[in-house]
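Welcome! Please take a moment with the sequence and the model before reading on.

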Amino acid sequence: MERRGLLPFVVTAFFAVMISLFAFSLMDSKDDAPKTQTIPDGQSKSNDSDISNQVKNNIKGNKANVNNSIDNDLNNGDDSQIDNNVTNDIEVNVDVNVTNTIKNKADKNQDSGQTGNGNENSGSDKGEKNDQDGKSEDDEVVWGVDSASLTTSDLLSCVRENFGSPKVWGRYLGEKEGVSAGITPQEAELLQSNDIKILVIWNRFNEATGLENGQSEAKAAVQLAQELGIPEGVAIFADIEPNYPVDSSFIEGWYQAMEESPYHPGIYGVFDKEQALTKSFSQAAAENSSLLENTFIWTAAPNIGITEQEQAPGYKPEAPAYSLIAGWQYGIDAKACNIDTNLFNKDILDVLW
């Protein structure tokens with residue numbers, strides 16, 4: 001073949017080789033480009049983000065409605081870490097509603113380590129509605145005291161200066177010689193004028209046995225309450241001390257007579273599991289479900305010890321299952337001011353004087 005005939009083939013081959021090399025170069029450059037990854041909605045878009053949510057509900061009983069909601073929104077939040085922990089542990093939970101809502105949002109390029117965004121709820125009672133947004137159950141209680149001494153301006157000042165500002169003050173109906181002074185109208189006016197509710201206590205007995213005895217004590221308490229002008233709808237608490245003999249018949253008698261009166265039945269005592277009072281109350285409640293539902297319980301168990309208001313313990317009273325807990329006397333016999341320290345459910349303020 002002549003040289004002029006070969007020239008077009010040589011030129012064509014040269015350009016074909018050059019085009020092939022250029023194409024391979026483009027393919028290599030694409031392999032070196034950054035790779036992208038599609039992340040499903042609702043997940044963090046940053047490899048550095050860490051979300052850990054733990055929700056635990058341990059509910060024993062009936063009529064409990066618990067709603068937990070956690071919403072985390074991380075938008076390329078570099079070095080973000082969110083740890084939410086919601087715990088609800090409710091053993092006495094008649095007509096209880098608990099709602100926990102936590103929302104966290106970490107914007108782009110924030111170092112947002114958020115931990116311990118948790119709620120813990122323990123122990124709820126009939127009539128106590130605990131709808132919360134980031135609140136603990138301690139927000140649903142108030143601090144108070146009780147005293148066997150007559151409340152004077154000096155005693156009130158002593159409590160405020162040494163312990164705190166009580167919202168509830170427990171006092172006795174009638175005098176019990178060598179034990180307690182009975183509340184007077186002037187004392188009631190002093191407390192109420194200082195925005196303090198009075199928890200009414202009946203302690204003029206030493207033995208808590210027998211149906212007729214329970215009825216008789218309740219009727220005596222009602223009569224004195226009316227003489228003092230205590231309005232209808234107030235709860236009166238029978239003080240059953242740990243050394244008193246007690247049986248279910250007395251508790252049933254107290255309940256029956258109180259239910260027939262303008263007042264509400266209440267019982268104070270050390271309601272730990274080993275006490276005769278707890279066993280007697282549980283027996284009476286088993287025989288009469290209305291007694292369980294309508295008797296206010298003011299428990300002195302467990303005994304944590306006297307504290308100032310700001311150092312009060314978390315609200316964890318001990319009482320019979322499904323009972324109507326009014327409050328917890330967590331500390332007794334303060335060295336100053338002759339008082340005991342308490343936490344009370346806000347709901348019972350309506351049945352105090």
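Here is a short tour of the barrel, the salt bridges and the aromatic rings.

This is a predicted model. In it, eight strands close into a barrel, two salt bridges are counted, and the aromatic pairs come to eight.

**The barrel**

- Going around the barrel, the strands follow the order 7-8-9-10-11-12-13-14, and their pairing is mixed.
- From one strand to the next, the twist averages 30 degrees.
- As a general reminder, strands of a sheet pair through backbone hydrogen bonds, either parallel or antiparallel.
- For a closer look, try strand 11 (residues 264-269) and strand 12 (residues 296-299), which run parallel and are joined by four bridges.
- Glycine 266 has phenylalanine 296 of strand 12 as its bridge partner.

**A salt bridge between two loops**

- Lysine 167 and aspartate 195 form a salt bridge, with 3.2 Å between the closest N and O atoms.
- The two residues are 28 apart in the chain and link distant parts of it: lysine 167 sits in the loop between helix 2 (153-162) and strand 8 (168-172), while aspartate 195 sits in the loop between helix 3 (185-193) and strand 9 (197-202).
- Aspartate 195 has a relative accessible area of 54%, so it counts as exposed, since the cut-off for exposed is over 50%.
- Lysine 167, at 39%, is partly exposed.

**A salt bridge between a helix and a strand**

- Arginine 171 and glutamate 187 form a salt bridge too, and their closest N and O atoms are 2.3 Å apart.
- Because glutamate 187 lies in helix 3 and arginine 171 in strand 8, this pair ties together parts that are 16 residues apart in sequence.
- Are these partners buried or exposed? Glutamate 187 is buried, at 2% relative accessibility, and arginine 171 is buried as well, with a relative accessible area of 1%.

**Aromatic rings**

- One of the eight aromatic pairs is formed by tryptophan 298 and phenylalanine 344: the ring centres are 6.1 Å apart, and the planes make an angle of 45 degrees, a tilted arrangement.
- This pair also links distant parts of the chain, with tryptophan 298 in strand 12 and phenylalanine 344 in strand 14 (residues 340-345), 46 residues apart.
- Tryptophan 298 counts as buried, at 2% relative accessibility, and phenylalanine 344 is buried at 1%.
- Which residues do ring pairs link into a cluster with Trp298? The cluster holds Phe237, Tyr268, Trp298 and Phe344.

Note on methods: Residues are numbered from 1 along each chain as its sequence is written. This is a predicted model: local features need pLDDT of at least 70, side-chain atom pairs count only at pLDDT 80 or more; totals for chains, interfaces and linings use all residues. Side-chain values use heavy atoms; hydrogens and water are left out. Two strands pair if DSSP finds at least two bridges between them. Axes are lines fitted to C-alpha atoms, for helices over the stretch in contact, and angles run from 0 to 180 degrees between N-to-C directions. A salt bridge is a side-chain nitrogen of Lys or Arg within 4 Å of a carboxyl oxygen of Asp or Glu. Buried means under 20% relative accessible area, exposed over 50%, partly exposed in between (1.4 Å probe, protein chains only). Rings of Phe, Tyr and Trp (its six-membered ring) pair if their centres lie within 6.5 Å; planes under 30 degrees apart count as stacked, over 60 as edge-to-face and the rest as tilted.
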